[in-house]
Every structure is written in structure tokens, then in C-alpha cells.
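Here is a short tour of a few side chains and how they sit in the fold. Have the structure open and follow along.

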Amino acid sequence: MPDVPEQIIDLAKRRKEPVVVQTLRSATAATMSYVVALWLTDVPAPLLAPLTALLVVQVTLFATLTTGIRRVNSVIAGVLVATAFSTIVGLSWWSLGLLILTALSVGHLVRVSEFVPEVAISAMLVLGVTQVTGAAWDRVVETVIGAVVGLLFNTLIVPPVWVGSASEDIEEQARRMRELLRRLSEETEAGRTPLQRATAKLDEARKLDQDIAQVDASIIQAEESVRFNPRVKEPLLTRIVLRTGLDTLEMCAVILRTMTRTMADLAERREDEPLFPPEVAPALQELLSNLAGAVDSFATLITSQVSSAADEAEAFLAVELDAARVSREHVAEVLLARVREHPRHWQLHGSLLAEIDRMLTELDIDKRAAHLAEELDRVARESRGRFPKLRRVTDNGRRALRKLSRGRYGHRRM
């Protein structure tokens, strides 16, 4: 077998990533629009058709139908402005400035939102071309062809559903949180903890908190990919399950950052002795390990592919939470007795227990079901009287939610 270049192997591994998929789809749509423009027009090189197709074809169907239409309007507006200028004044330094000012103003008037600069860009490109070819109206036809081909391409060949990619990002975020909790549990029995090592864990927790923004972008893409997509039976519930799951992990990341801050303060004050007394350390280590398992099970629960996996993840989550609550009570009793004898660090010990309580509350199964129900009710209230079909969708979501709360519903990954 001949050796395959590493770049090709890497591309094959990344073939399902949004960037790779979008690159291939955009190139295909642009090429198709160019061929159609050659067939329907007499322009030797109808490059505005593939240009418009590139602007229209988006990574999701929802983005295509929303931002794509605004992009088309911006391109057509720019073409019309350039056509008028080429007929009246032609191209010079002062007419170029007036063209840009007019195009930007027209962009605001036609409400193309964030694509206002593209009106001016299109106008400048077309004005330069029309000085050579004298066929500005052909450019309008090219733009329409590119827009139609792009819209039809994303409508007939529906873009992928990015729920799976978002689920992987959620699981990866949960995995990093789990590993940090496990390393924190090891610190409880590691003897003296240097301040530098405790501070490094605080920096890691801060980075986890910042990484939520990247996961949020992936969730937004997944939410858009299920809208108007005929392959998704419950798009509303899919969006809400992912969104509420990320909300919980975001709160847990904030709590984890505060927890590491508390342990760093303890390390600073107890430079020549262990973070926790010998009678406290084993129970606290078990408690943090249970929290790590609970975070992992929670992520599996909200991203489970089949019902049996969801049931198993929920069972594991319940076991981990119950064990964590038992360990928490034991740690509280031992710390309370210790505080009475040595009250020097009672504030930090109490803060650590409060943070653990908050994380247990955020991961609670009943609270998660209540959060899902609140989101469905909010959507139902917003849709009442405006979108009757959406109201039926929320009713279907509530029925699925009742199954979920009984442990029989598994979120299906696309």
C-alpha cells in the first residue's frame, strides 16, 4: 500500500467537522452556480454568481434562510447602486467616495443588518467590472442565479445536524471538570500542598470557566441546525435539553472556580501542614470523587444517544449524588467538631461546604427536570397567540419531558 500523506489522513479524520463540511458545501454550491450562470447568461465569466452562492450557503439551514436572504439583499442593492453610478458619473476618486456613502446608506435603508458593508463592497466590485464590460444588468442576473442556487442547494441538500458535535463539546467540558475535581480530591490526602500547586489548579478552573464560551458557540450552531430541519422530530426539546444542560455545567464551572479559590486560600494559610486534618481528608476525598462522577454522569445524561444509555446515566447520577450527600454530612460533622477545637479556619471550611452544596443542588435530577419544564413553559408563553404550530410543539415537548423525568426518555444525538 502506498504511503498516504499525513495531511490527507488528518483531513479524513476531520471530515465531519463543521469547518470541513462547510468548505466542501460552499465550494460545490459556488461551482454549480457558476455552471448555471454560464448556461443562462452570455457573460464570459459570471463570477458574481459563485460569489453570491458563497455568501448564501451557510453551515445550517436556519442560517441560510435568515442571514442568507439578507446577504442576497445586500449584494443586489450594491449591484443596483453601482449600475446607477456607472450610467450617470462613471468611476473616479470622488464618485467612488460618493458611491461608498450611498451604498452604506442604502444598506441601512433596506435593513440588511450586519451585512451593510457588503452593499458597498458589491457596489465597488460591480462598478469596476461595468467599466470594462458595460453589462451591469447581467451582474444582477448573476447575483440572482447565485442566490437561487445557494438557497436551493441548502434546501434540497439539507446541512448536517450539529447536535452530535455540540454533545461532544459538552462531554469534553464535563471531562475536564471531572479531572480537576479528582485532582482536588487527591490534594486532600497529599500532605502539605504548596501554594504554587494550589494556584495552578485555580488557573485551570478559570480556564474551564472561559472555555464555556466555546461550548456555547457550538450549542448555538446545534440549535440553528435543528430549526426548520425535517430530520429532527423534536427540535424545540433538543435545543432546550442542550441549552439547559450547558447552563448547569456553566454554574458548576463557576462553583468549581470558587472552590479552587478557597483551597488556594487554605494552602496559603496552612503552609507547614496539610490542607485538612487526617480525620477529615478521607471523607472529603470521597466527596470530591463523588462530585466528579456526578458531573460526568450528568453530561452523559443530557447527551445520551439512546434511551437505555440515558437510563443508565441517570441511575449513575442518582447513586453519585446520594453518595456525595452522605459524604458531605460526614465531612460537615467532622469539620464542626474540629472548628470547635480550632476555629482558625472555620470561614474557609464553611465556604467549601457551601460550594459543595451549591454543586449538589445544580446537579440534582429534580431541579434539572424543573428547569426543562420552565423553559418549555417560557417558550409556550412567548408563542401563545402568534405561532399555533409552535404551541403544539411545546405540548409534544411536555409529553417527552414527562418521560424524561421518569427516566425513560433519552435525548437522541443526531
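Leu-96 is found in helix 5, which covers residues 93-109. This is a predicted model, so take every value below as computed from it. How accessible is Leu-96? Its relative accessibility is 30%, so Leu-96 counts as partly exposed, given that the partly exposed class runs between the buried limit of 20% and the exposed limit of 50%.

Leu-96 also has company on the outside. Together with Leu-51, Leu-91, Ile-121, Met-124 and Leu-125, Leu-96 forms a nonpolar patch on the surface. Taken together, those residues offer about 470 Å² of accessible area. Which helix gives the patch its largest share? That would be helix 6 (residues 116-133), with three residues.

Now for a residue that is tucked away. Ser-26 sits in helix 2, residues 18-40, and has a relative accessible area of just 9%, so Ser-26 is buried. What does Ser-26 touch, once neighbours within four places in sequence are set aside? The answer is Leu-54 and Val-57.

On to the charged side chains. A search of the whole structure turns up 16 salt bridges. Some of these bridges link Glu-172, Arg-175, Arg-176, Lys-207 and Asp-211 into a network. Here are three pairs from that part of the model, with their N to O distances:

| Pair | N to O distance |
|---|---|
| Arg-176 and Glu-172 | 3.3 Å |
| Asp-211 and Lys-207 | 3.4 Å |
| Asp-211 and Arg-176 | 3.7 Å |

Start with Arg-176 and Glu-172. Both lie in helix 8 (residues 163-187), four residues apart, or about one turn of the helix. Arg-176 is partly exposed at 24% relative accessible area, and Glu-172 is partly exposed too, at 30%.

Asp-211 and Lys-207 are likewise four residues apart, this time in helix 9, so about one helical turn separates them. Is each of these two buried or partly exposed? Asp-211 is buried, with a relative accessible area of 9%, while Lys-207 counts as partly exposed at 49%.

That leaves the salt bridge between Asp-211 and Arg-176. Why does this pair tie separate parts of the chain together? Asp-211 lies in helix 9 (residues 195-226) and Arg-176 in helix 8, so the bridge joins parts that are 35 residues apart in sequence. Arg-176 thus has salt bridges to Glu-172 and to Asp-211, and Asp-211 has another to Lys-207.

Key
Residues are numbered from 1 along each chain as its sequence is written. This is a predicted model: local features need pLDDT of at least 70, side-chain atom pairs count only at pLDDT 80 or more; totals for chains, interfaces and linings use all residues. Side-chain values use heavy atoms; hydrogens and water are left out. Patches are made of residues with over 30% relative accessible area and no salt bridge: like charges are joined within 9 Å, nonpolar side chains (Val, Leu, Ile, Met, Phe, Trp, Tyr) within 5 Å. Accessible areas come from the Shrake-Rupley method with a 1.4 Å probe; for residues, only the protein chains shown count as cover. A salt bridge is a side-chain nitrogen of Lys or Arg within 4 Å of a carboxyl oxygen of Asp or Glu. Helices (H or I, at least four residues) and strands (E, at least two) are DSSP runs, numbered from the N terminus. Buried means under 20% relative accessible area, exposed over 50%, partly exposed in between (1.4 Å probe, protein chains only). Contact means heavy atoms within 4.5 Å.
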